[in-house]
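Please walk me through the pockets and cavities of this protein while I have it open in my viewer. Tell me what to select at each stop and what I will find there.

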Amino acid sequence: MTNEEDIIEFVVDSVNLDALDASALDEDLDETDESDDDAPELVVEPDEPEDPVTAALTPGAPLFMIHRSHQLAGILPDVLADASGRHSGAVHLGVIAPMPRMRPLALRTFLDKMSTAPVRIADPEAFAREDSFGPTLAAQREKPFVGPSTAGHWSYFTDPQPGGHTESWVGEVLDAQRDAGATVLLTPGLWADPATPDSSLAIMRQHAVWARNALAPGEHLAVNMTLPSSWLTTPSLRNRLLDEVIDMDDQVFYLRVRWPLLGQAYGQLLDEAILGGYAEVANVFEENDKVLILPNSGLTGWVALALGAHGFSTGIGSGERSFADTRVIKIPNRGPRPAPTRRTFSRPILHVTDQDTAQLLDSLGPGNCPCRFCRTQRSLPAGQWEKSLAGAHYLRWAADLTAEISRHSRGRRVAARSVVRNARNFASSGSSSVPLSGANDPKHLEIWAGLLR
């Protein structure tokens, strides 16, 4: 009987397969040409290193991006250093700064400090212009999305475009990003009105063509799109969007979706129709070798990685974790305000809870969070609480979750399904000891589990 280990198999790419002589193959294997006179002399210089930005925008290891918030940004270099040191090779890192909501010097300084992240984006946020989605945003907030103290520094944002947005204006948007030190440039990303889908997509495509023509050698571009969630939930709109994207020459897309008002500021998206739209879009992008980045998507973006997306961004503030409708809440000024609730991310249930509940959940098994930010938080004087450390703890775990599904031998979907299943089981098994209700209830886990089947 022949042992299978003694059989050598050959894969031959040849139309003359039948003419091969097995005995000749055996002879070739046994012969050794010690002279090897015809071997080429290798170049002494080392191989040219791969451009880290190109690598980060290529299908493979996912892209985890931190979106700069208005406050508490000082801790972000430490978060990036932590993620870079522990997840090299498994995750690409990036940062996003809201260009028109910062002054030029502050923007440049911030991006310079983020050198640990190869992908550095100065988001033009042109959707907030007065001739785009700006008035609607202002009505919701009762103040402009971009305040006059910073908007005045950015002519591309404030200058009227009475004849429509021109090629020179798109070039101005790119130049502003270059001056800020961005390593990936974005097209303007005006609001895509679902009432006029053809013209909205045509403008997006034309801006991409103009931007691509204006690139210098070695520069990187992502097509920037800002859409209401109806583009994901309405099949005709979604199909129109995907047909357009697939037909374009561009490979990298930066897709920001406006969500409806969330039930909890730091909660997760619970709209199954929108989540189903994300799943469909992410899957089509992956099947067509397109790179999909989902800014301002929080852990919804993490789930989307398992469905075909390439990257996502989140941040410390609620506005960086979601791009959602807002509602102004007016509190009567009747004496001192109550202290704000201390909230933190509970890793066992993948959800933000109040601090006391998070500690009770930790006591059921995982113990105190070992991350450097939580260790620092625990070392503070009794009663003191630093929101920046709680935010850094969340970002650290978001990076860890991204690396976990990236490294899994059976792929992201299987890995994410396992993570979500474990979180559901933990929440269920501990419900008698730590009841989870109201804002502490991780309602999203059931929906995620359905998406990841």
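Start with the largest pocket, which holds about 1,800 Å³ of space in this predicted model. Select Arg141, Lys143, Ser318, Gly319 and Thr326: of the 48 lining residues, these lie nearest the centre of the largest pocket. Next, colour α5 (134-141), α6 (148-151), β6 (252-258) and α14 (318-321), since each of these gives at least two residues to the lining of the largest pocket. If you colour the lining by class, you should find 20 nonpolar, 15 polar and 13 charged residues around the largest pocket.

Now move on to the second largest pocket, with a volume of about 450 Å³. Its lining is made up of 27 residues, and the ones to pick for its centre are Gln359, Asp362, Cys369, Cys374 and Arg378, which lie nearest to it. Show β9 (343-346), α15 (355-363), α16 (372-379) and α17 (387-407) as well, as these elements give two or more residues to the lining of the second largest pocket. By class, this lining divides into 13 nonpolar, 10 polar and 4 charged residues.

The last stop is enclosed. How many cavities of 30 Å³ or more are there? The count comes to 1, and about 80 Å³ of space lies in the largest cavity. To centre your view on the largest cavity, select Gly267, Gln268, Gly298, Leu299 and Arg321, the nearest to its centre among 13 lining residues. Then highlight helix α13 (residues 298-305), which gives the most to this lining, with 3 residues. Coloured by class, the lining of the largest cavity shows 6 nonpolar, 6 polar and 1 charged.

Conventions
Residues numbered from 1 in each chain as written. Predicted model: local features only at pLDDT ≥ 70, side-chain atom pairs only at ≥ 80, totals over all residues. Heavy atoms only, no water. 1 Å grid on protein atoms, 1.4 Å probe; cavity = no way out; pocket = protein on both sides within 12 Å on 5 of 7 lines; lining within 4 Å. Points joined across faces, edges and corners; volume = space filled by probe spheres on them. Helix = DSSP H or I, 4+ residues; strand = E, 2+ residues; numbered from the N terminus. Nonpolar A, V, L, I, M, F, W, Y, C, P; charged D, E, K, R; others polar.
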